[in-house]
Amino acid sequence: MMNGVVNGAPINNSLEKPLKIFIGYDPREDLAYEVCRYSILKRSSIPIEINPIKQSELRKNGLYWRERGKLESTEFSFTRFLTPHLANFDGWAMFVDCDFLYLEDIKELRSLLDDKYAVMCVQHDYTPKETTKMDGAVQTVYPRKNWSSMVLYNCGHPKNKVLTPEVVNTQTGAYLHRFQWLDDSEIGSIPFVWNFLVGHNKVVENDPSTYPKAIHYTLGGPWFEAWKNCEFGDLWTKESEEYQKVDKAQVE
């Protein structure tokens, strides 16, 4: 059942408040964005509202003016932290990179939310061995690597009100990506299967607790020629082909 919002209009009549989901958008990865969005919508049994975080639109609207740094591998390296602002500092909202493929109902993820936390995420202990990722982008190593790639924000939490456009445009990468506006006790943990890092996390045979619920192609996915045969690439390719058939049928 596909509950969600298409072109700004809800596609179900539920009175339940939609979960706001913001997906990082980069023009180089348009198809990745569309497939990520499709994979969430297709499996969701709850109302959701999905919006891309597009840097060009944020600049046009005066919300983002930061110059792009040499280590920013995508256009949403910093814009992601505008999520609480874009959600009007109200309720829970999720940010996710576009290089994800969801395999399970987002309702299950929402059930993990705990209002005592300001944010919740998968708390990876991850140090990549590779020096490059995606289409030759530099691979950076820093504490709490990949924590910010999928975050559930308790947007109304007092501590998150610091994430104004001014702060997002001027603070350091360390401050933002390491959640330094928060105490450690305000950061909740999500099981790693909701941000399953290809090339790092492993499936243990006969252990369902290790089966991925959301695959993160953090080094690069099949939408890049060099990564067409990556681990779990077949799942993304299948989803992409299905999305394109559905999209073509809707256009026709």
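Select Phe196 and Phe232: both are buried. This is a predicted model, and the tour begins at these two rings.

**Stop 1: the Phe196 and Phe232 rings**

Show the two side chains as sticks. Phe196 and Phe232 form an edge-to-face aromatic pair, 5.6 Å centre to centre with 85° between the planes. The pair links distant parts of the chain. Phe196 is in strand β12, and Phe232 is in the loop between β13 and α7 (233-251). They are 36 residues apart.

Stay on Phe232 and check its backbone. Its phi is positive, about 65°, although Phe232 is not a glycine. Phe232 counts as buried because its relative accessible area is 17%, below the 20% cut-off.

Now select Trp223 and Phe224. This aromatic pair is tilted, at 6.1 Å centre to centre and 45° between the planes. Trp223 counts as buried at 15% relative accessibility. Phe224 counts as buried too, at 10%.

**Stop 2: a second positive phi**

Go to Asn206, in the loop between β12 and β13. Its phi is near 65°, a positive value in a residue other than glycine. Is Asn206 buried or exposed? Asn206 counts as exposed, because its relative accessibility is 66% and the exposed class begins over 50%.

**Stop 3: the sheet with β12**

Switch to cartoon. β12 belongs to an open sheet of 3 strands, in the order β6-β13-β12, with mixed pairing. The edge strands are β6 (100-102) and β12 (196-197), each of which pairs on one side only. Colour β6 and β13 (residues 214-216). They pair in the antiparallel sense over 3 bridges. Which residue of β13 is the bridge partner of Leu101? Pick Ile215.

**Stop 4: Val35 and helix α1**

From Leu101, step to a contact of that residue: Val35. Val35 is found in helix α1. Val35 counts as buried, because its relative accessibility is 0%.

What does Val35 touch, leaving aside neighbours within four places in sequence? Select these residues:

- Leu101
- Trp236
- Glu239
- Ser240
- Tyr243

Then draw a distance from Val35 to Asp99. They are 64 residues apart in sequence, yet 8.8 Å apart in space, C-alpha to C-alpha.

Now show all of α1. The helix is mostly covered, with 10 of its 14 residues buried. Among the buried residues are Tyr33, Glu34, Arg37 and Tyr38. Ile40 and Leu41 are also on that list. Check the helix length as well. At 1.5 Å a residue, the 14 residues of α1 should span 20 Å, and the end C-alpha atoms are 21 Å apart, which agrees.

**Stop 5: the crossover around α1**

Add β3 (residues 19-24) and β4 (residues 48-53). The two strands run parallel and are joined by 6 bridges. The chain crosses from β3 through helix α1 (residues 30-43) to β4, and this β-α-β crossover is right-handed. For one bridge, select Phe22 with its partner in β4, Asn51.

**Stop 6: strand β10**

Move to strand β10 (residues 150-154). It is mostly covered: 5 of its 5 residues are buried. Show the side chains. Met150, Leu152 and Asn154 point one way, Val151 and Tyr153 the other way. In a regular strand the side chains alternate between the two faces of the sheet.

β10 has antiparallel pairings to inspect:

| Select | Bridges with β10 | Partner of Tyr153 |
|---|---|---|
| β5 (residues 92-96) | 5 | Ala93 |
| β7 (residues 119-121) | 3 | Val119 |

Tyr153 makes a good centre for the view: Ala93 stands opposite it, and Val119 is a bridge partner of it.

**Stop 7: more rings, and charges over rings**

How many aromatic pairs does a search of the whole structure find? The search finds 13. For a cluster, select Phe81, Trp147, Tyr175, Phe179 and Trp181, which are linked by ring pairs.

Next, look at two charges. The charged end of Lys54 sits over the ring of Tyr25, 4.7 Å from its centre. Arg66 lies over the face of Phe78, at 3.8 Å from the ring centre. The tour ends there.

Methods. Residues numbered from 1 in each chain as written. Predicted model: local features only at pLDDT ≥ 70, side-chain atom pairs only at ≥ 80, totals over all residues. Heavy atoms only, no water. Pairing = 2+ DSSP bridges. Helix = DSSP H or I, 4+ residues; strand = E, 2+ residues; numbered from the N terminus. Right-handed = clockwise from strand over helix to strand, strands pointing away. Phe/Tyr/Trp six-rings, centres within 6.5 Å; stacked < 30°, edge-to-face > 60°. Buried < 20%, exposed > 50% of the residue type's maximum accessible area, 1.4 Å probe, protein only. Lys NZ or Arg CZ within 6 Å of the ring centre and 35° of its normal. Contact = heavy atoms within 4.5 Å. Expected span 1.5 Å × (residues − 1).
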